Amino acid sequence: MKVKLVIVVLLAAASLQAQVTYDRILAGVDKEPQNWLSYSGTPKNQRYSPLTQITPANVKNLQQAWIWQARSLEKYQATPIVVDGVLYTVEAPNNVVALDAATGRPFWQFNYTPAPEARACCGRVNRGVAILGNTLYLGTLDAHLIALDAKTGQQLWKSQVAVAKSGYSITHNPTVVKDKVLVGTGGGDGPIRGYIAAFDAKTGVEVWRFYTIPGPGEPGNETWAGESWKTGGVGVWNAGAYDPETNLVFFGTGNPAPDWDGSTRRGDNLYSDSVVALDADTGKLKWHYQFTPHDELDYDSTQVPVLADIQWQGKPRKVMLWANRNGVMYVLDRVTGEFLKGKPYVKANWLDGFDAKGRPNRVKFPSKEGTPIYPHVHGGTNWAPPSFSPRTGLFYVATWENSGTLAVEGQFPRAIPGPNTRQTTMGATNLVPFYNDPDTGEAYGVVRAYDPQTLDQKWEFKLGDITWGGTFVTASDLVFSGGRDGYFLALDAKTGALLWKANVGGQINAAAMSYMVNGKQYIAINAGSALFAYALP
Amino acid sequence: MRHLIIGFALAGALLAPCASPSAWAQHETAQDLLDGERAYRDRCANCHGPNGDLIPGINFSAGQFRRPMTDADLSRIIRQGIPNTPMPPSNVTEAQAGQIVAYLRSLAAGKAATAVKGDIARGKLVFDGKGNCTSCHSVGGVGGRRGPDLSNVGQARRAPELERALLDPKADVQPNHRYYRVVLQDGTTVTGLLLGYDTFNVRLLDSKEQLRSFVKSELKSHGFVDTPMPSYKNTLTPQELADVVSYLSSLRTQSQTPPQR
């Protein structure tokens, strides 16, 4: 069997760079473990690799295969994609490079300078490209969608998704569904009206658009006081998921604007801080679930939706797993949107439970003097991708524990006095010492495994600093993660035991992935301004 | 007449020093153009490129500047530079600046003069048909990838250069368009457009348009080969050649931008 698998992999590698059909993307790593054809390996976003050459027994021998240095000092958030030995990544903000996945050496580079009016709230970042056929798709900081020839890096077309001058931006990887390329608009900390748009993959013509804030006459518009819907934010700035069985595409949505002052936008502010399930062909809303109604703490729900088929109360169920920025972990029925379970996975004090339909009962509100609210504005987790292993059945999340904030009416939240102050630094300088001590209960980063059926924590591995590293899991039961303190870690997926570490000398701002070239498995991770690939000797 | 020019020049020198190179540039000789070209290559081409098109928004071959420029403007910028930009001042004389200006003007004029000889529509037919150019070159995303993308070649190259590339393609191959051949240990030969070359590896776009990477130490041999671009000297008539040059000169669209809603 093992020999057979190797032959299959070799044959696949030998059929050099065939067209990346949508069927290939849909099956992803399940059929082509040597490739990584979309942001999370498959449109289910499990970030799980069936490759097993690197095991808990030999992971201690991992060594650096190559490093590719980006000429950019921005946070490096892009997950590479790998197609038949060619790796594509994005040098922030918007340069695309094609590398030999075995050596890290470049084939070509496409350079793009976003228009000067491009303004992103939180760094000139990008999370990667998508591919379909022989075409790569890039969302730009100035809110355009660019199609590139994957063989040469030549630009094929460029479509305006939104008007950058009005505060829109794109920082996430586009999501390909069949013959369309879907992309959301960021900028929701400012007075935009966010949307998700689908473009014809061949021509770049917009096919449909879904506004994350309903207009007058549409259901949900009444959840915005007065004219506040026009400028209510609700950006979309992270990867979508797709379920072919229901033809639904899922996106998490961002916070309502203005972020902290909810007095001007009374109501639940639909569909902010929600997951929306859209018909992939038309963009029509099929269902939604709002995680944080009337958010006043910037709890964007722009996490990566993870689709899994699990046993739920003794029966198989198609679910969606979601560790939210608001500190609560959710299991939703992804066919109907039904709320199955919600439970805080980090210290969370803003709610004390849910009603029968899953609406949270909020108990903390911003005050003049400041109300301590947990988790912090940066959340229990943020945008960094989690992972799910169908082998262990566990959900792996890189989180911030014990992080809190003083919510002040209409103002940017303040840090809770004391040593936790440092946790508020979003873009801390590379590897600045972090003074919090996890052992005394101060805020810290931690990698944890959860059982989706109970949302009970199975294990944890504490980090010496907070983390934007996400997680990645393999079929040999290895979890790879890391944090702002610049260590890349291999953990036992069943126990959380540390099996290997590498000092990568820069903060990890993305999740890892894996691929195989010429019979060798590689693990890739971004840290600082560089992309590192590790393999066995 | 001569006295008049000297008189003007003197008056210019007394009243407005910038005026004289402008007047001078209108009376250049062939030798002045050669001197201007030499001075350009020595002093300007390092940043602006041999064809004057390396700085975004500026293309001397197409007479394109970021704002309209008189000869006097150009001469002043050549001598004084542009403060707070990478364009430095230089110590050229007014006469030399005038020669450079004359050369820059001739670049743009030469292009326009040659491009009108052929017929663009007929040229496209030859390009797509008899010439078989699209097997290697693409225009607007249509065509092969093994040769340079020509979507914007009219902006980047002057007509005489395009004509020379068609007649004698080996004469001037850009460094990023060179061809390379590797021979594997089993004798297999792979030839392709050279994309990258370092101490240990070499990367090509091969004849099947696959991105390929090779470890040099594992190869039997490897090295540069001539461009596979054929000469059209004997396969196209002079009129067809002029038509193709006209067509290529007309290609100035960088990419297709789909209609917006």
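Student: Let's start with a strand pair: in E34(A), what is the bridge partner of Gly482(A)?
Tutor: Keep in mind that this is a predicted model. Strand E33 of chain A covers residues 478-482 and strand E34 of chain A covers residues 487-492, and they pair in the antiparallel sense over five bridges. Across that pairing, the residue of E34(A) that partners Gly482(A) is Phe488(A).

Student: Which strands are at the edges of the open sheet that holds E33 and E34 of chain A?
Tutor: That open sheet has five strands, in the order E1-E32-E33-E34-E35, and its pairing is mixed. An edge strand here pairs on one side only. In chain A, that description fits strand E1 (48-49) and strand E35 (498-503).

Student: Okay, on to E4(A). How many of its six residues are buried?
Tutor: Strand E4 of chain A spans residues 86-91. Val86(A), Tyr88(A) and Val90(A) point one way from the strand, while Leu87(A), Thr89(A) and Glu91(A) point the other way, and all are buried. E4(A) is therefore largely enclosed by the rest of the structure, and the count is six of the six.

Student: Which residue in the turn between E3(A) and E4(A) has a positive phi?
Tutor: E3(A), residues 81-83, pairs with E4(A) in the antiparallel sense over three bridges. One bridge there puts Val83(A) with its partner Val86(A) in E4(A). The two strands form a hairpin with two residues between them, and the turn residue with a positive phi, about 50°, is Asp84(A).

Student: And on the way to E5(A), which residue does Glu91(A) stand opposite?
Tutor: E4(A) and E5(A) run antiparallel and are joined by six bridges. A hairpin links the two strands through three residues. In E5(A), the residue opposite Glu91(A) is Asn95(A).

Student: There's another open sheet with E7 to E10 of chain A. By how much are its neighbouring strands turned against each other on average?
Tutor: Four strands make up this sheet, in the order E7-E8-E9-E10, with antiparallel pairing. E7(A) and E8(A), for instance, pair over three bridges, and Ala130(A) stands opposite Tyr137(A) in E8(A). With direction ignored, the average turn between neighbouring strands is 20°.

Student: Which element gives the largest share of the side of chain A that touches chain B?
Tutor: The contact takes 25 residues from chain A and 20 residues from chain B. On the chain A side, the elements giving two or more residues are strand E5 (95-100), strand E6 (106-110) and strand E10 (155-160). By class, that side has ten nonpolar, nine polar and six charged residues. The largest share, six residues, comes from E10(A).

Student: Is His378(A) buried or exposed?
Tutor: His378(A) sits in the loop between strand E25 (371-373) and strand E26 (387-388) of chain A. To count as buried, a residue needs 20 or more other C-beta atoms within 10 Å of its own. His378(A) has 21 of them within 10 Å, so the word for it is buried.

Student: Now chain B. How many helices and strands does its secondary structure come to?
Tutor: Chain B has 261 residues, and 31% of them count as buried. Among its contacts with a separation of 6 or more, 62% join residues 24 or more positions apart. As for secondary structure, the total is ten helices and seven strands.

Student: How are H7(B) and H10(B) oriented to each other?
Tutor: The axes of H7(B), residues 120-128, and H10(B) come within 7 Å and cross at roughly 100°. Angles of 65 to 115 degrees count as roughly perpendicular. These two helices are therefore roughly perpendicular.

Student: And why do H9(B) and H10(B) count as oblique to each other?
Tutor: H9(B), residues 159-167, and H10(B), residues 238-249, pack with their axes 9 Å apart. Leu162(B) and Leu166(B) are among the H9(B) residues that meet H10(B), where Leu241(B) and Val244(B) are among the partners. The two helices are oblique because angles over 145 count as roughly antiparallel and 65 to 115 as roughly perpendicular, with 35 as the limit for roughly parallel. The angle between H9(B) and H10(B) that fits none of those is about 125°.

Conventions:
Residues are numbered from 1 along each chain as its sequence is written. Chains are lettered from A and ligands numbered from 1 in the order in which they are written. This is a predicted model: local features need pLDDT of at least 70, side-chain atom pairs count only at pLDDT 80 or more; totals for chains, interfaces and linings use all residues. Axes are lines fitted to C-alpha atoms, for helices over the stretch in contact, and angles run from 0 to 180 degrees between N-to-C directions. Two residues are in contact if their C-beta atoms, placed from the backbone, lie within 7 Å. Ala, Val, Leu, Ile, Met, Phe, Trp, Tyr, Cys and Pro count as nonpolar, Asp, Glu, Lys and Arg as charged, and the others, Gly among them, as polar. Two strands pair if DSSP finds at least two bridges between them. A residue is buried if 20 or more other C-beta atoms lie within 10 Å of its own, exposed if 12 or fewer, and partly exposed in between; C-beta atoms are placed from the backbone.
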